[in-house]
Amino acid sequence: MSNFSNQIRASSSLIKRLKQRMTNPAALMQATRHFTTLEGHRPTIVHKRSLDILHDPWFNKGTAFSMTERDRLDLRGLLPPNVMTSEQQIQRFAADLKRLEVQARDGPSDPYALAKWRILNRLHDRNETMYYQVLIANIEEYAPIVYTPTVGLVCQNYSGLFRRPRGMYFSAEDRGEMMSMVYNWPAEQVDMIVVTDGSRILGLGDLGVQGIGIAIGKLDLYVAAAGINPQRVLPVMIDVGTNNEKLLKDPLYLGLQENRLDGDEYIAVIDEFMEAVFTRWPHVIVQFEDFQSKWAFKLLQRYRNTYRMFNDDVQGTAGVAIAGLLGAVRAQGRPMIDFPKQKIVVAGAGSAGIGVLNAARKTMARMLGNNESAFESAGRQFWVVDAKGLITEERENIDPEALPFARKVKEASRQGLREGASLAEVVREVKPDVLLGLSAVGGLFSNEVLEALKGSTSTRPAIFAMSNPTKNAECTPEEAFSIVGDNILFASGSPFQDVDLGNGHIGHCNQGNNMYLFPGIGLGTLLSGSRIISDGMLQAAAECLAEYMAEEEVLNGIIYPSTSRIRDITKEVAAAVVKEAIKEDLAEGYREMDARELQKLSQEEIVEYVKNNMWSPDYPTLVYKRD
Ligand SMILES: NC(=O)C1=CN([C@@H]2O[C@H](COP(=O)(O)OP(=O)(O)OC[C@H]3O[C@@H](n4cnc5c(N)ncnc54)[C@H](O)[C@@H]3O)[C@@H](O)[C@H]2O)C=CC1
Ligand SMILES: CC(=O)C(=O)O
Ligand SMILES: [Mg+2]
């Protein structure tokens, strides 16, 4: 939008003016102190509570509300847990102004990305309908701002960017209080919660309380892509501390400044949160996001049969990868049923990597007859490399999640490999069809690794550099096409531009990101009224995405839709999820569409039902009525 550059120019001149006034923050603090001494002792009577206070510029103190005030005014949970002094607030504001300048100068790809995020965020605060109109109409341009990669930068800088709170914060200090504080959220109904504990935000590590940015970004896509009503979404941060030394020492950090809770204490906090939100909103769906692997699997197993929840990094990513892997088979001009013949090297054995491995193995096994021997032989198609190299059964203290994928020592040595072999060695010896990265290590697919992939036995080797944000991608599309060749397939977790191959052809850069599935999984679950999210529902979502692309597109190397089609693909995915829930007899219905009515719907009617229940950003007519 051309308006946008004007707005950015206007905001930089505003920043300049503010900076001139802020050159002496001590004077500003002095002024604030003077104000507090005159007015500080007499209480001010307010007739508002909760968000109404936070949204009132006269009464709002933001992070400076004391804990007792937060309790008195129903603010508990609506602000990050660390109480700040007004001096600290001013320091934070001043530091943030400086940071914007540095980002604009040193930012990696789009120097205005953070400025765009701020402007969009301010619009979000002022007028939700218009915000989502802008986002939906320009989703290709702004998904990289509200979501990866910029959302990573936003989380890294969240303590500075924080202005008006959004979402809820449950902290270790709130133990015993969660059941009551959940009622501080003003919405009577919540359909979707995205919750994080901030322990592994994209590939950026432990960002503590600042991880709330990712929950907000994911929910923006729920609204834009799935048409979930924005009044019914709730971003949540569970602050159990941080192990990030920099944040622990930062006096302006907004979260708890203590090491992360662990073991039973940690589980007790998450249990209390789950009980609280499902007590207030029994039909809510909770998406777990960016929990470190250590907890991602355990929490998924703990809750998935009791609550309507899923883990996006484990299950959403798996589905998107399966769709891409099946697309890679089709792009070779082979039928999908040939998938079990693919040799796949996976770099990264964390929540995302293991999620993909389990799902890919199950998909292969199903194609091979769905019995034990099929499952066994499917397992032999994968070679997994983590920070310590190739994983074999010789590995000491092997992670139980990775154990099923450890190569047998004898088999490995027959291939010229051993425990801990490097990624380049593995690629050289295995000559895989697919090289898939979920390692969070930018540049891991080095020249040596990509050179080794030239020996692939595939007619069309596929490279999935899925780590986020952009700087964590295992390689760029330019590197992949220039080293391995024009004929490859390429996908990355964060968006890159297509590559001009210089011979009249384009090297397509697909975005392989769980954003193509999680909105549809959430919407489909909501509209089916299923009490849980079954493997079958997740599989149906993945298959729908795999089949969405036309033969011609796939043969041209386009295996995922462009983001401009995200609302349409989400509708289809949601319909596939509803259909599977009905088939598995899990669908209990939604609003006036009860289980029986759902059973009667044809495929087309299910799609129509989904479409009719997607919120669109149109201004309603407002009418005033006295209470
Ligand atoms: N494209 C998408 O839709 C998604 C992408 N991701 C990305 O995947 C990445 C990993 O996420 P998680 O699995 O949750 O993280 P994690 O921290 O649990 O796992 C990282 C894994 O990479 C391995 N690793 C580290 N250095 C390595 C090296 N030099 N060579 C090979 N492996 C190495 C680690 O040993 C570990 O197994 C992140 O960057 C995240 O943004 C995650 C979910 C979805
Ligand atoms: C995309 C996503 O969920 C991640 O990078 O963690
Ligand atoms: Mg994630």
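**Exercise 1. The loop after α8**

Task: In this predicted model, state where Pro-149 is found, and work out which residue a cis peptide bond joins to Pro-149.

Solution. Begin with the position: Pro-149 lies in the loop that runs between α8 (139-146) and α9 (150-156). Next, examine the peptide bond between Thr-148 and Pro-149, which is cis, with an omega of about 10 degrees. Finally, turn to the helix on one side of this loop, α8, which is mostly covered, since six of its eight residues are buried. The buried residues in α8 are Ile-139, Tyr-142, Ala-143, Pro-144, Ile-145 and Val-146.

**Exercise 2. Another cis bond**

Task: Find which residue is joined to Pro-469 by a cis peptide bond, and say in which loop Pro-469 has its place.

Solution. The cis bond joins Asn-468 and Pro-469, and its omega is about -15 degrees. As for the surroundings, Pro-469 sits in the loop between β10 (462-465) and α22 (477-484).

**Exercise 3. Positive phi outside glycine**

Task: For Ser-50 and Leu-202, give phi, then decide whether Ser-50 and Leu-202 count as buried or exposed.

Solution. Start with Ser-50, whose phi is near 55 degrees, a positive value in a residue other than glycine; this serine is found in helix α3 (residues 50-54). The relative accessibility of Ser-50 is 14%, and buried means under 20%, so Ser-50 counts as buried. Then take Leu-202, a residue other than glycine whose phi is also positive, near 45 degrees; Leu-202 has its place in the loop between β2 (192-196) and α12. With a relative accessibility of 10%, Leu-202 counts as buried.

**Exercise 4. Two helix pairs**

Task: Decide how α14 and α15 are oriented to each other, then do the corresponding work for α7 and α12.

Solution. The axes of helix α14 (residues 263-280) and helix α15 (residues 293-303) come within 12 Å and cross at roughly 50 degrees. The two helices α14 and α15 are therefore oblique to each other, and α14 passes α15 in a right-handed crossing. On the α14 side, the contact is made by Gly-263, Tyr-266, Ile-267, Ile-270, Asp-271 and Met-274, whereas α15 contributes Trp-295, Leu-299, Arg-302 and Tyr-303. Sorted by class, this contact of α14 with α15 comprises seven nonpolar, one polar and two charged residues.

For the other pair, helix α7 (residues 128-137) and helix α12 (residues 212-226) pack at an angle of about 75 degrees, with their axes 10 Å apart. An angle from 65 to 115 degrees counts as roughly perpendicular, so α7 is roughly perpendicular to α12. The residues that meet are Tyr-131, Tyr-132, Leu-135 and Ile-136 in α7 and Asp-220, Val-223 and Ala-224 in α12. By class, the contact of α7 with α12 has six nonpolar residues, no polar residues and one charged residue.

**Exercise 5. The faces of α18**

Task: Determine why the buried residues of α18 are said to line one face of the helix, and name what these buried residues pack against.

Solution. List the buried residues of helix α18 (residues 372-379), namely Ala-374, Ala-378 and Gly-379. Seen down the axis of α18, the buried residues fall within an arc of 135 degrees, so they line one face of the helix. Then consider the other side of α18, where Glu-372 and Ser-373 are exposed. To finish, identify the partners: the buried residues of α18 pack against α17 (351-367) and β7 (382-386).

Notes: Residues numbered from 1 in each chain as written. Chains lettered and ligands numbered in written order. Predicted model: local features only at pLDDT ≥ 70, side-chain atom pairs only at ≥ 80, totals over all residues. Heavy atoms only, no water. Axes fitted to C-alpha atoms, helices over the stretch in contact; angles between N-to-C directions. Helix = DSSP H or I, 4+ residues; strand = E, 2+ residues; numbered from the N terminus. Parallel < 35°, antiparallel > 145°, perpendicular 65-115°, else oblique. Left-handed = near helix turned anticlockwise from the far one by under 90°. Contact = heavy atoms within 4.5 Å. Nonpolar A, V, L, I, M, F, W, Y, C, P; charged D, E, K, R; others polar. Buried < 20%, exposed > 50% of the residue type's maximum accessible area, 1.4 Å probe, protein only. Arc of directions from axis to C-beta.
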